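Here are my notes on the model you passed along, set out point by point. Have the structure open while you read.

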Amino acid sequence: MEPFVPAGRSLSVCRRLCYAAGHFLNDLCASMWFTYLLVYLHSVLGFQSTNAGALLLIGQIADGVCTPLVGYESDKTPGISCGKRKTWHLLGTVCVLVSFPFIFNPCLACSDDTPQWAQLVYFSPFVIIFQFGWAATQISHLSLIPELVSEDSDRVELTAYRYAFTVVANITVYTVAWLLFHFQAQHSVDPSITDNLGQVDIPLFRTLALIMLGTGALLSFIFHVGTKEDTSASESDNERIRPSSSQEALSRPVFQWKHWLKEPSFYQMAFLYMCTRLIVNLSQTYISVYLTNSLMLPKNFIAIIPLVMYVSGFVCSMAMKPVSKLIGISITYLIGLLLVLGFATWVFLDSNMGAESIYGAAVLLGAGSAIILVMSLSMTATLIGEQTQCGAFVYGSMSFTDKVANGVGVILIQSTQPCSTEACCPACVWFYRDVMVTVTGGVAVAAALCLFTILIRPIRIRKI
């Protein structure tokens, strides 16, 4: 089988930075979505826990459905002047920018007497448009990795650059959030406002969302200016995917979407990626309520602790290329799982965890999450290998499993939550601790079992 990516293709440091900037807007919005949406709906707007979970589930299902469809259409898009991947990226960016401000803002047409189901109907279209845009940006950006570089080590490094920007985006969100909480405390005379979330925090979250959108839009512009997609390769890929009748017998063998469904490694990676995203996203979703409801910490900790997590993740991302090159991607992923399991064990055993010990646990979770996320994306790029013409379908399918699983996981947790109103009861203390242990330690065990199958049967695709 002839390679479709020219051997030795690489990028300068400047081009890598420009590429990594392309997912910054998505990362900023995802950080707010997973870390603050539930606590905003539940504690600030006063939604019941099931209704808050239902809105997040709507978003995850919309994302899950859009992701493989966007991937399939992205692969089929004819080559145009700026490239098919960048075209989809631009479309997704516009959708995110026009929809996200309405999510972290109260219903504009509602009053105090408006039922919550009506508010769900109001928010749902904005959530769906946002998730479509997010999926289009994510899949087009990921699909560029195997097209821009050809060596496995370069793909790991480019993925690490991408994750480093993800970490910087999360650090930006939590730093700005901490500053906003700090300024609010300085200008408030009521200590309850400083310690507890409520409707007084609506302007704070709205301001945070607008700052993130402005910052992300600037970085997206840098991506489009500094990243050059090979449009000639896209055109040749499309020609190979749709050969004429006279060329069909002579065309080189290529993978189409239906061929992937027959590959065992495709399902191995889909399950491993799903587990990875469950650990990363659900821990990010519930860390805020764990801090405020289980550990009874002041509300500024929902900015400080996630910040500690992502700083540790940023440090780890800088060392991933040499470490993975030395011991292999799979073993590096295993090390990340052990760190996540260390966090789960610490949280489960330390029933008196407080403001001091939570910092150490946050470092373990942040470092472990960074390692497994980067390595899982690198393994997916390895699976795609030379078959870059359908890379968007593969990434879309991987993301489909994680989006649906995350949505189902959230609604199951929210439906079993002991307190249905915004007020927390004593049962929440142990409930959210158990949630954090399960979504990290429990899912990490499932990921480890899948990883062992990959160690026994390494990732590869059969020739057609």
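**Notes on the predicted model**

1. Let's start with an odd spot: Met296 is exposed, at 54% relative accessible area. Met296 sits in the loop that links helix 12 (264-294) to helix 13 (301-318). What caught my eye is the backbone: phi of Met296 is near 55 degrees, a positive value in a residue that isn't glycine. For background, most residues other than glycine have a negative phi.

2. Now the overall picture. This is a predicted model, and the protein chain contains 18 helices and 0 strands. Of its 464 residues, 58% count as buried. The accessible surface of the chain comes to about 17,800 Å², and carbon and sulfur atoms account for 68% of that. As for how the chain folds back on itself, take the contacts between residues at least 6 apart in sequence: 85% of them join residues at least 24 apart.

3. How far can you trust it? Average pLDDT for the protein chain is 80, and 82% of the residues score at least 70. Among the elements, helix 9 (residues 202-226) has the highest mean pLDDT, at 92, whereas helix 10 (residues 231-241) has the lowest, at 51.

4. Two stretches deserve caution. Over residues 1-7 the pLDDT stays under 50, and the model has 24 contacts beyond four places in sequence for them. Residues 238-252 also stay under 50, with 18 contacts beyond four places in sequence. Where pLDDT is low, the predicted coordinates shouldn't be read in detail.

5. Next, a helix pair to look at. Helix 12 packs against helix 15 (residues 329-349) at an angle of about 30 degrees, with the axes 13 Å apart, and the crossing is left-handed. From helix 12, the contact uses Leu272, Thr276, Ile279 and Tyr290; from helix 15 come Tyr333, Leu337, Val340 and Val347. Sorted by class, that makes 7 nonpolar residues, 1 polar and no charged ones.

6. Staying with helix 12, is Val280 buried or exposed? Val280, which lies in this helix, is buried, with a relative accessible area of 9%; the cut-off for buried is under 20%. Not counting residues up to four places away in sequence, Val280 touches Ser369 and Leu373. Val439 is worth finding too: Val280 and Val439 are 159 residues apart along the chain, yet their C-alpha atoms are separated by 8.8 Å.

7. Over in helix 9, have a look at Ser220. Ser220 counts as buried, at 5% relative accessibility. Which residues does Ser220 contact, leaving aside neighbours within four places in sequence? They are Ala21, Leu25, His89 and Thr93.

8. Last stop is Gly92, in helix 4 (residues 84-103). Gly92 is buried, and its relative accessible area is 0%. Once neighbours within four places in sequence are set aside, Gly92 is in contact with Gly133, Ala136 and Thr137. Ala135 belongs in the same view: Gly92 and Ala135 are 43 residues apart in sequence and 7.2 Å apart in space, C-alpha to C-alpha.

How values were computed:
Residues are numbered from 1 along each chain as its sequence is written. This is a predicted model: local features need pLDDT of at least 70, side-chain atom pairs count only at pLDDT 80 or more; totals for chains, interfaces and linings use all residues. Side-chain values use heavy atoms; hydrogens and water are left out. pLDDT is the predictor's confidence in each residue, from 0 to 100. Helices (H or I, at least four residues) and strands (E, at least two) are DSSP runs, numbered from the N terminus. Contact means heavy atoms within 4.5 Å. Buried means under 20% relative accessible area, exposed over 50%, partly exposed in between (1.4 Å probe, protein chains only). Accessible areas come from the Shrake-Rupley method with a 1.4 Å probe; for residues, only the protein chains shown count as cover. Axes are lines fitted to C-alpha atoms, for helices over the stretch in contact, and angles run from 0 to 180 degrees between N-to-C directions. A crossing is left-handed if the near helix is turned anticlockwise from the far one by less than a right angle, and right-handed if clockwise. Ala, Val, Leu, Ile, Met, Phe, Trp, Tyr, Cys and Pro count as nonpolar, Asp, Glu, Lys and Arg as charged, and the others, Gly among them, as polar.
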